[in-house]
Structures are given as structure tokens and as C-alpha cells.
Amino acid sequence: MAAELKKVNVVTVGVGFTGGIVASECAKAGLSVVGLERGGYRTVEDFMEIHDEWRYAVNYGLMQDLSKETITFRNDRNMKALPMRKLGSFLLGDGLGGAGVHWNGLNFRFFPYDFKIKTMTKERYGSKLSGDYLIQDWGLSYEQLEPYYTKFENIIGVSGESVSPFDGKRSSPYPLPPLVKTSVMEIFENGAKKSGCHPYVLPAGIASQAYTNPDGAELNPCEYCGYCERFGCEYNAKASPINTVIPVAQKTGNFELRCNANVVEVLKKGNMVTGVRYINTLTLEEFIQPADVVVLGSYVMNNAKLLMVSGIGEMYDPMTGKGTLGKNYCYQITPGATGFFDDQMNLFAGAGALAIGVDDFNGDNFDHSGLNFIHGGLISMLQSGKRPIETNAVPAGTPSWGAAFKKASINSFTRSLGVGAQGASMPHRENYLSLDDTYKDAYGLPLLRMTYNFTEQDRAMFDFLTGKIDMIVKNMGAKSVGLKSNSKDYNIVPYQTTHNTGGTIMGSDPEESVVNTYLQHWDAENLFVVGAGNFPHNGGCNPTGTVGALAYRCADGVLKYSKKSGSLV
Amino acid sequence: MSKKSDMTRRNFLKATGVAAGAAALSGSILSVTTAETHAAEMKHSAQLPSENTRISPKGKMFFTNELEFATLSEASERIFPKDENGPGAKELGVPFFIDNQLAGAYGYNAREYMSGPFFKGAPTQGYQTPLPKRDIFSKGLSALNSYSQMTFQKNFPELKDADKDVILKMCESGAIPTEGFTSAYFFSLLRGAVLAGVYADPIYSGNSNMNGWRMKQYPGAQMSYFDIIKSRNFEKIEPVSLADMY
């Protein structure tokens, strides 16, 4: 029997950016908060051996242990879904701070267009997409979310420059100046300008200078060591939950952090939730943690799965279009090119979010009349620190092993630049999350099942963006360009992006969303679900800024609810 | 020879307060120095390798059969051969790197989902074999020899380079008979492991004396590039290993 623990005001499931933000805001306001984190405890001192590509980048040292839990995947619902046995296409985080520890640090806002995509598409183009694409407005405008974006940016100390003409209106500048613009970034800048675009140094959750955030947490200036992506920052320069919101929550005395605590059920009674049931992953003891408010703040996959295994909400059915849980799973499309140059460049140096890009072909920043897709993507070049095991680009026609490969891969390592796009992903009726009927996790629960494939809209956008990337890379002066090919089917093996979204989407209508615009569950007023799972579609840039903003919005919701119960909308 | 500084990595982090990390909030420990100061201090800390990290003998922890290990060595060398750029896989210790990895978590797929049932699946669904990497390497190398015997009446290590490449291309295309996995999958694992053995930190027994990194002009596990990040010229930096950090 599970041991029942003392009731608290708020329990968060997962302690990364979202759980950590809600925990810190609620604990600062005097609520008692317990954070349940299924991974282990860690601090910046655990990253002393982090400059190790084999351990962390290739063997996923900071990522989820799939022997305990994974997902199953199929391209369409006529296929048998099979387990993702090894990480590949996206990297699920693990441990305190979650994916907020191993992120690159790129921190964007979505465009005002994103939040009203359905209305604005109809206004400008009439009926552009078929009814199979389930685009919908978010129920919350950019202007309503703006203060929360600002809050998150100030907490993580974003370094950036507000020069892109396509940005939504900002109430204040970035808290820190941009990271350095290197001579390598100037190559992109020149190529982009020559292509008629508007390049800017991308906003980074990596401190360009020493910074103390409004909560008193301190960040050090970046050393450009090149180990952000897939790594934790040993210098406290890259913002993460473990050097911002979590220690802030701990300092209040109102927050209790429990690591190695894997929640397996949200407990529901009538129209309310009463707490959660969890397993200590080390001792395998079972506990019940009662709470006035439950906040699901784990990753997209796990938030959706927990609602499904707990029987909260109506499962989405692609046959009828009924139900909302699991609906609108989106990803991104990632066209790209490698340009080969004559001169050697210091590409071993960099930072995860040391990057330059253009939004000229993102959002609705260009005319889509005559194009058979909507939205677009950020085109950018990262100087994130090239690593030798996994970076072996060679010009087209070179064999993939042997003497010719060796020679070309060594030569190109210091002479090639990758330019890529993050193409926005529109929801499709056939792309969704549900529970698997065959495979189980280490605790006996069914695995989450992903049914996903690229759509016509994706493939059209891929070709369009590839053309633009090719133009920019040629204008950068590349002597040859290798383009990524457009694949018909989504493949879960090669790495693409860890920008998974949807499944627990937000909205203004309970018929087409799981949570309201405070991320409060429509079917249980004291349950909040927050993260990229709330996105009704995925935008054309990195999602963390929007996730952070929604988490602050959610924290506001929990605090409002703690004073006066009932629906917040 | 450059002098090795007594400013170790750990001391550096302590001196600059970085290791205080999240503890910063709880007190006044963290005195924030400028990045310029960090970089100046680190110039002294990340110097040439210490002698004691270069002399550990390499040995086999997984393979017990000489033919299998010789086959691994020769196949690795064909994938990454010695040439005018520098050493090949054998000289870099790659076969030992792979052997040592197969003996541990990597070989057992320790952090991968290995529960059944097993079905064939589509290529977009990733590998679906119940065999862990240690068995795939072992069976895959045996299959290379069986196929070499059948084609050239010799074991793989005895073949001329051009004939070795014929066999490896067959393997890469999936044409060599294997049970429970495809030879193409084995080849992709082998190629990946060879590149890892060439370029992983030498603490893992490959990349001998960091010569893989030197060939690729990769400076290894440096602590900071603050002082060169704005440089317009290509910087040639002597590499450092994680083993040099103490």
C-alpha cells in the first residue's frame, strides 16, 4: 500500500523550467510546495567532466534512460507502433532541471501571428488549408502573454538585440546585450543581407555579461567553450532551472524538492484532483502526495501520458475528431544545407545559442499567396561548438568511409558551415498521441504512442525554405553547397529537433482544448498542465521562451486559484 | 616545452567561484569576475598534457577470440586508414576503444529499451532487434569472415585492401547474411564506433595521444575560448584531454 504523506498546497510533477517556475512563484507567495522530480538531484558542480562528446552528446549522458521508459512510434494508424529503443530524432531530458539543463539556450518569442493563426490566415488568404489541418487560435494574444515573456527573459538573463523588423512589440529591451558577433557569423550576415534579408544575433539564455536576476540568482559571463547543446553548463553562464528558479524556490523555506520520485497517477475524485501517486525510483516504495493543486510540469510526452493513464479528459479520436487529449501533436521540419569554404574557421569555439538568423521567411512575414503552405521558419546558423565525432560533413559525391572520406571530413571540419531552418508545424488530424496497447514502462504503465508523419504542408514548406537556404549559403560565398533532401516520411532515427509540442493544448473552448488560457484543466479546476504540450501548433523557432512565459502565466493562475477557487476564465 | 601550470581545472573553478553554483543564492560566496579575467587565468591552466596520463596500457576487455579482434582491427583501419593526414584507426587505438566499450553499458544497450515483443518494423521506426551491440559486433565480425571465406577463400584480415573494401561494401549494403539484424545495421554501428574511437577523449583508450584531434585541428576539452572567440584568424591550439584537467 502506498504511504500517504502530509497534504501541501501545491505539488508539481517534474521540476524543470515549468515546474520550477510554478514552484518558485508559489513558494515565494507563501504556499507550501512539493516538487516531484523523477530524475536525480544535480547542481552545476556535477558538470565538472562535461566536455566529453562521447559520454554526453553521443551516449546521451543527461538524457532519459529509455530502459525504464520510452514511447512507441508509427507513421500512421495502420502501422503497428514500435518502441523508440534508442534516442534519436529528439532528446528527452532527465534529472533535476530537465531539458532546461541540456538546452542550447536559444530563447525566442512566437509572433503575434502565431496566437491568432486561424483568424489571421483566414483574413489574409481565405481558406488556405484543408479541414484536415486543425489550426486554431490560442485563446490568448501575444499582447496578453507579453508581460510573461518579459518576466521569463529577465529571470534567465536573455542576451539579445531587438533589431529584427518582424518581432512583436516588446515592453522592455533584453536584459543583456547580445553574445559576441564572430567573424563566422559575419559571413552569414553578409550572405543574408545580399539575399535581401534582415539578419540579427539570436536571443540567448546565456549570459553575455555577469548578471543578477530579479530573484537574486547570479549568472557568470559565457566562456564560449562550445559545450552547451546536450551538456550542462559548468560555468553558470547558461541559464537553467538549477541555477535560477529552483534555488530561489528552495531559499523560501516553503519548497520541498523530492528527486527520484516518478509520478504514476494523478488522483481524481469527482471534478477535482486530490494529489498524485508516485514511486521512489531507487527504493521502489510507493507514496501518495495529497495537494490542493496539482501542476503537471514534466515534458510534453509525460504530461499527456499522465492524464491518459489517470483517465482525466477525453481521448482524441482521429476517426471522429472528437476528444482533445493527445490532439495536435506537432514537431518541426528541419531543412538545411552545408556550405563548403576555402578558409579555416574557429568552429570549435562557440556557445549553444551563439547564432545569427533571419525571420524573413518565418511566420506570416512574407506573402503566402500562390504558396501551398502557411507559416514558415527561422533560418539560422549556429556557432555552437563543432564536435569531432558527430560532425563529419563532406561534399556531395564523397564516400562515407575510407581514405577519401577521411581526407574530406578532416579538411571540411574547419571549413564548412551549416545553415538550417526550423519550419513551423501545423496540426493534422492524423498526428496525435495516445496510449500504446502492447508495450509497458518499468512501472507497468502503457507507453505513450506517437502517430506522426510529415504532411503536404510540411513538404511544400521544406522545399520553399530549402530554396531560401541555398540562396543564402551561396551568397555567403560557399564554393559548394550540400542540401538536405526532403523526405516523404518522418523518421525517428536521425536527430532533427527536440521541439515536440501539443497533446495537452490550450484554448478558449473546452470542445477543442485540454486546458484554458491559465493552463487550468477544463475537467478539474485544481489541476494545471503546462509546457510545450499547450501549443495548439508549433512555431518556426525554439519553443523555450514561450514555454517559460506560459509557466509564469500558469503560476499566476495557481496563485489566483489559491485565493478564489473555481474556473479562472 | 610549455610549463604545466598548477592551476588545475578544479582549482580554477573554485578560485573564480563558479563551483559555488546554485549556492550563490544562499550566501556571498560568488564574486563574479569578468570573463576576461577567467580567460587570462585559464591560459595558464590548459597547457600541455601531463606525462602520467599517456602510459596506461591498452587491453582487451571483451573479445576473447584473436580472429574476431583482428577482423575488427582491419575493418576499422579500412574505414579510417592511415594516410598523409596522419594515423589510421589501428594506430589510434580504435579497436581497443570499441572492445572496451562493448564490455560495458554501450555493449549491453544499458540505457535503451530492450523489452519485447520484437517485430520487424519500418526503417522509420529504428532498430528493433533484441540483440545488444556486443552480440551484433561479435556475430557481425564472424559474418565478415564467413563471407570472406566464401568469396575469397581467406579470412577477412588476410585479404588485400581492395578485397576488404569489397566485403565491407557488401556489409554496408546489407547483403551479408546475418541472423536477427542486418549487416547494414552492423556496418552503421561499426562506422559510428570507429569515428568515436578516433575522436573521443583519449580517456576511453582511442584517439591515442590526442592524434585524432590533432589531425582534425580540434583542441579537445578546453575550458574557455573567450580570448579567441573574436579572432579573425584560424587559431591552432594544442589539444587537451579531460585527463589533463587534474
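# Close-up views of a predicted two-chain model

**View 1. Helix H4 of chain B is mostly covered.** Eight of the nine residues of H4(B) are buried. The model is predicted. The buried residues of this helix are B:Val94, B:Pro95, B:Phe97, B:Ile98, B:Asp99, B:Asn100, B:Gln101 and B:Leu102. Their cover comes from both chains. Chain A contributes helix H2 (53–58). From chain B, the cover includes H3, helix H5 (133–152) and H7.

**View 2. Chain B follows an α-α-α-α-α-α-α-α pattern along its sequence.** Chain B has eight helices and zero strands. It holds 246 residues, and 54% of them count as buried. Take the contacts in chain B with a separation of 6 or more: residues 24 or more positions apart account for 62% of these.

**View 3. Chain B meets chain A through 87 residues on each side.** The area buried between the two chains is about 7000 Å². Carbon and sulfur atoms give 59% of that area. Two salt bridges are counted between chain B and chain A. One pairs A:Glu186 with B:Arg232, where the closest N and O atoms are 2.3 Å apart. Polar contact links 38 residue pairs across the interface, with both residues at pLDDT 80 or more. On the chain B side, these helices each supply at least two residues that touch chain A: H1 (9–15), H2 (35–45), H3 (66–79), H4 (94–102), H6 (161–173), H7 (183–199) and H8 (211–216). H7(B) gives the most, with five residues.

**View 4. Arginine side chains lie over aromatic faces in two places shown here.** Within chain A, A:Arg170 lies over the face of A:Tyr174. The distance to the ring centre is 3.8 Å. Across the chains, B:Arg191 lies over the face of A:Phe405. Here the distance to the ring centre is 5.0 Å.

**View 5. Aromatic pairs number 42 over all chains.** A:Tyr331 and A:Tyr490 form one of them: their ring centres are 5.3 Å apart and their planes stand at 70°, so the pair is edge-to-face. A:Tyr331 lies in the loop between helix H9 (300–309) and strand S13 (336–340) of chain A. A:Tyr490 lies in the loop between strand S19 (480–483) and strand S20 (527–529) of chain A. The pair therefore ties together parts that are 159 residues apart in sequence. Both A:Tyr331 and A:Tyr490 are buried. A:Phe361 and A:Phe366 make another edge-to-face pair, at 5.9 Å centre to centre and 70° between the planes. A:Phe361 and A:Phe366 are buried too.

**View 6. Seven named rings of chain A make one aromatic cluster.** The members are A:Phe73, A:Phe90, A:Tyr329, A:Tyr331, A:Tyr452, A:Phe454 and A:Tyr490. The edge-to-face pair of A:Tyr331 and A:Tyr490 belongs to this cluster.

**View 7. A:Thr501 lies in the loop between S19 and S20 of chain A.** A:Tyr490 is in that loop as well. A:Thr501 has 0% relative accessibility, so this residue counts as buried. Its contacts, leaving aside neighbours within four places in sequence, include A:Asn328, A:Tyr329, A:Cys330 and A:Tyr331. Also in contact with A:Thr501 are A:Val300, A:Ala532, A:Gly533, A:Phe535, A:His537 and A:Asn538. Among these partners, A:Tyr329 and A:Tyr331 are members of the aromatic cluster.

Definitions and conventions:
Residues are numbered from 1 along each chain as its sequence is written. Chains are lettered from A and ligands numbered from 1 in the order in which they are written. Side-chain values use heavy atoms; hydrogens and water are left out. Rings of Phe, Tyr and Trp (its six-membered ring) pair if their centres lie within 6.5 Å; planes under 30 degrees apart count as stacked, over 60 as edge-to-face and the rest as tilted. Helices (H or I, at least four residues) and strands (E, at least two) are DSSP runs, numbered from the N terminus. Buried means under 20% relative accessible area, exposed over 50%, partly exposed in between (1.4 Å probe, protein chains only). A charge sits over a ring if NZ of Lys or CZ of Arg is within 6 Å of the ring centre and within 35 degrees of the ring normal. Contact means heavy atoms within 4.5 Å. Buried area is the accessible area (1.4 Å probe) that two parts lose on being put together, summed over both. A salt bridge is a side-chain nitrogen of Lys or Arg within 4 Å of a carboxyl oxygen of Asp or Glu. A polar contact is a pair of N or O atoms within 3.5 Å; within protein, one must be able to donate a hydrogen and the other to accept it, and residues adjacent in sequence count only if both atoms are side-chain atoms.
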